Each structure stands twice: as C-alpha cells, then as structure tokens.
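Colleague: Please walk me through this model with short answers.
Modeller: Gladly. Here it is.

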Amino acid sequence: RGHSENGSWHDGGVRKCQNAFIEAYTFGDDQVLSLLGLRHLTMDTHLVRASAGSELYQRHQRMTRCLPSFLVIGTQKGGTSSFHFLLKSGWHDAVRVNSGEKEIHYFSWDDQFRQGPLTYQQRFDGSGDRLGECAEETKLRGEVSATYLDYPKAAERAAMLLPSARIVVLLREPVARLVSSFNMKWQVEIC
C-alpha cells in the first residue's frame, strides 16, 4: 500500500505509486533507463527489457535458462499436433519439447500464467525448486501451442519472459484448414 504525508497507508497512495512507476518506465528517457540496465523495446511498445550485457540481463538469462528457447505457434488444424508428435518422438536429437500434453497454454490462459514461471519450467522435466535450476542438458527446449497465435496477450507475455526465444509459425492453406476444422467439429459433435 502507498502512504500519505503522515505515514499512514491507503489505497490512493498505492495507485499513485503504481502510476508514477508505470509513467517513469513508459515515458522514461533511454539514457536514464540504460543506467538501470533497461531499454525500451522496438515497435513503439511500452515494455522495457534489460540491455544485453547488463547485470540485469545476465540474471534474466540465468533464471530463464531452463525455459523454452523456441515456441511453435500456429492455427487450429494447422499441423501443430503432428509437429509436436515428431519432436516428442525424437525426430531431432537436439530438441526437447514439454512432457505431458501438447499445449501448456501458459501465455494464453490467465490461470496458467498466474501460476508463474517456476510452474511453467517444471512442465518440461519436473525439476527445479527454483527458477533457473534444472537438469543439465544440451538439448533445446521448446513448446508447441496453437493458442498463442490468436490470443491477444500471448505475444506480450512471451516477449517479457522469453525475449530471445525463436518463434516458429505453422500455417495451412485456408480452405483446407476450414474443411479440416469443419470435419473435426462434425466428428466431435455428431459422432
């Protein structure tokens, strides 16, 4: 909570502090942000990210080393399940995808995102009581999820947590995808 002139805490003070913090980063001068080890993102976003080489950046790299280095996104009926199966069955020796079900929905479902990055990290091999602690391995970690393409907050959330992650987008010819989607709905609802 924020405090007032007399030292008591109240909700208005909290809002005032939050707004001042957001304003400082949103409209912060790049030189001032660089002193803190931060930089504005490109494309006129209001997010900030640690500058490469800064202490803050190195800490972020250590803490996220057990998280995915690539995300596979796509449309429903666009081939994400087939691609996940290929990666999970060892199609490429240097790649590892999440254990369990295909889609984690971490960046697209609010209840999953609220659980935090440690829970997300544990979805890959179950290890680590702290963020950045996992079994040592040289394989690239990745996740496949079709919901990240069309959920509005997913890209922003992924950019904040995994700024250097590679994005693989799977698309399908629109008419064939529509027919496949119709057939799937028909099978689920009718059969």
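Colleague: Which residue of β8 is the bridge partner of Leu71?
Modeller: This is a predicted model, so local features need pLDDT of at least 70 and side-chain atom pairs pLDDT 80 or more, while totals for chains, interfaces and linings use all residues. Residues are numbered from 1 along each chain as its sequence is written, and side-chain values use heavy atoms, without hydrogens or water. Strands (E, at least two residues) and helices (H or I, at least four) are DSSP runs numbered from the N terminus. In β8, Leu71 finds its bridge partner in Ile167.

Colleague: How many bridges join β5 and β8?
Modeller: Two strands pair if DSSP finds at least two bridges between them. β5 and β8 do so in the parallel sense, and their bridges number five.

Colleague: What is the order of the four strands in the open sheet?
Modeller: β5 also runs parallel to β7, through four bridges. There, Phe70 has Gly142 of β7 as its bridge partner. β7 in turn pairs with β6 in the parallel sense, over three bridges. The order of the open sheet is therefore β6-β7-β5-β8.

Colleague: Which are the edge strands?
Modeller: An edge strand here pairs on one side only. Two strands fit: β6 (95–97) and β8 (166–170).

Colleague: By how many degrees are neighbouring strands of this sheet turned against each other on average?
Modeller: Axes are lines fitted to C-alpha atoms, for helices over the stretch in contact; angles between N-to-C directions run from 0 to 180 degrees. For this average, direction is ignored. The turn between neighbours is 30 degrees.

Colleague: Which helix packs on the sheet, touching β5, β6 and β7?
Modeller: Contact means heavy atoms within 4.5 Å. The helix in question spans residues 117–125, and its direction makes about 105 degrees with that of β7. It is α6.

Colleague: How many residues of β5 are buried?
Modeller: Buried means under 20% relative accessible area, exposed over 50% and partly exposed in between, with a 1.4 Å probe and protein chains only. Phe70, Val72 and Gly74 are buried on one side of β5, and Leu71 and Ile73 on the other. The strand is largely enclosed by the rest of the structure, because the buried count is five of the five.

Colleague: Which element gives the most residues to the largest nonpolar core?
Modeller: A nonpolar core is a set of buried Ala, Val, Leu, Ile, Met, Phe, Trp, Tyr and Cys residues joined through side-chain atoms within 4.5 Å. This one has 14 residues, and Leu71, Phe107 and Leu162 are among those touching the most other members. β5, α6 and α7 (154–161) each give two or more residues. The top contributor, with three residues, is α7.

Colleague: Which residues does Leu162 contact, leaving aside neighbours within four places in sequence?
Modeller: Leu162 is one of the core members that touch the most others. Its contacts are Leu67, Pro68, Leu71, Phe107 and Tyr120.

Colleague: How many residues does the second, separate core have?
Modeller: Its members include Phe70, Val72, Phe83 and Leu87. The size of this core is eight residues.

Colleague: What is the geometry of the Phe107 and Tyr120 ring pair?
Modeller: Phe, Tyr and Trp rings (six-membered ring for Trp) pair with centres within 6.5 Å; planes under 30 degrees apart are stacked, over 60 edge-to-face and the rest tilted. Phe107 is in the loop between β6 and α5 (110–114) and Tyr120 in helix α6, 13 residues apart. Their centres are 5.4 Å apart and their planes at 70 degrees, so the pair is edge-to-face.

Colleague: Is Trp91 buried or exposed?
Modeller: The Trp91 ring pairs with that of Phe83, with centres 6.1 Å apart and planes at 75 degrees. The relative accessibility of Trp91 is 55%, so Trp91 is exposed.

Colleague: Which charged residue sits over the ring of Phe113?
Modeller: Phe113 belongs to one aromatic cluster with Tyr106, Phe107, Tyr120, Phe124 and Tyr148. A charge sits over a ring if NZ of Lys or CZ of Arg is within 6 Å of the ring centre and within 35 degrees of the ring normal. Here the charged end is 4.3 Å from the centre and belongs to Arg157.

Colleague: What is the relative accessible area of Gln112?
Modeller: Gln112 lies in helix α5. Beyond neighbours within four places in sequence, Gln112 contacts Ile104, His105, Tyr106 and Arg123. Gln112 counts as buried because its relative accessible area is 17%.
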